[in-house]
Amino acid sequence: GMAFRLGARARFESDLQPWVSAEFLWVSGDEDGLDSEEGRFLSYENNDATPIVEANEFGLDIDTNYLALRGAVGVTLRPFPKLPPAELRTAISWFRLNHAVPLPPDPPFGVSGTGDNLGVEWDIGLRIPWSRSLLYDMGISFLFGSRVMEEFTRRRDSEAYLVTFGARVQF
């Protein structure tokens, strides 16, 4: 398999140190998952840029057979001069499968067809330093317009949301 990633990030000089980034990501899939050849890109994981679609802890852990277009903006906040800066960021990502996922002959939950639209994910995050060795991460993410989720879930939902809170300890 193959993967291709192209992106750019720009920082601007001001008190808030704003930044903006854009990214294109294409990861190959397997055109025929029923044959004996493995054609998809097999990653080493940790492509967790979006909490719902890509993250492996709480998300869907999709890391092969997809295309992503992503844009993000953020600012650096310095509420406490003696501590590392806090960061507020938001990103919007559009996802599509490279090869539609075929449903089995007897599909689950009575759905039919194939789907290739993974939807649009909007993420908002805040990283706050508590001390030089402790950071808190908070975030909320929304996935909407996902035809794939609509076809493969019992409730036929095309939306999802995720609220996260974490602590990072650095020694």
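A charge sits over a ring if NZ of Lys or CZ of Arg is within 6 Å of the ring centre and within 35 degrees of the ring normal. The model used here is predicted.

**Exercise 1.** Find the ring that the charged end of arginine 9 sits over, and give the distance.

*Solution.* Start from arginine 9 and look for the ring beneath its charged end. That ring belongs to tryptophan 19. The charged end lies 3.9 Å from the ring centre. The cut-off is 6 Å.

**Exercise 2.** Classify the aromatic pair of tyrosine 66 and phenylalanine 95, then place it in the chain.

*Solution.* Step one: the structure holds five aromatic pairs, and tyrosine 66 with phenylalanine 95 is one of them. Step two: take the distance, 6.0 Å centre to centre. Pairing requires centres within 6.5 Å. Step three: take the angle, 50° between the planes. Stacked needs under 30 degrees and edge-to-face over 60, so this pair is tilted. Step four: locate the partners. Tyrosine 66 is in strand β3 (residues 66–77), phenylalanine 95 in strand β4 (residues 86–102). They are 29 residues apart, and the pair links distant parts of the chain. Step five: check exposure. Both tyrosine 66 and phenylalanine 95 are buried.

**Exercise 3.** Describe the largest pocket by volume, lining and strands.

*Solution.* Its volume is about 1,100 Å³. Among the 41 lining residues, Asp48, Ala49, Pro51, Arg89 and Arg127 are closest to the pocket's centre. By type, the lining has 17 nonpolar, eleven polar and 13 charged residues. Now the strands: β1, β2, β3, β4, β5, β6 and β7 each supply at least two lining residues. β7 gives the most, six residues.

Notes:
Residues are numbered from 1 along each chain as its sequence is written. This is a predicted model: local features need pLDDT of at least 70, side-chain atom pairs count only at pLDDT 80 or more; totals for chains, interfaces and linings use all residues. Side-chain values use heavy atoms; hydrogens and water are left out. Helices (H or I, at least four residues) and strands (E, at least two) are DSSP runs, numbered from the N terminus. Buried means under 20% relative accessible area, exposed over 50%, partly exposed in between (1.4 Å probe, protein chains only). On a 1 Å grid over the protein atoms alone, a cavity is a set of points where a 1.4 Å probe fits but cannot get out, and a pocket is an open set with protein on both sides within 12 Å along at least five of seven lines; lining residues have an atom within 4 Å of a point. Grid points are joined across faces, edges and corners, and a volume is the space filled by probe spheres set on the points. Ala, Val, Leu, Ile, Met, Phe, Trp, Tyr, Cys and Pro count as nonpolar, Asp, Glu, Lys and Arg as charged, and the others, Gly among them, as polar.
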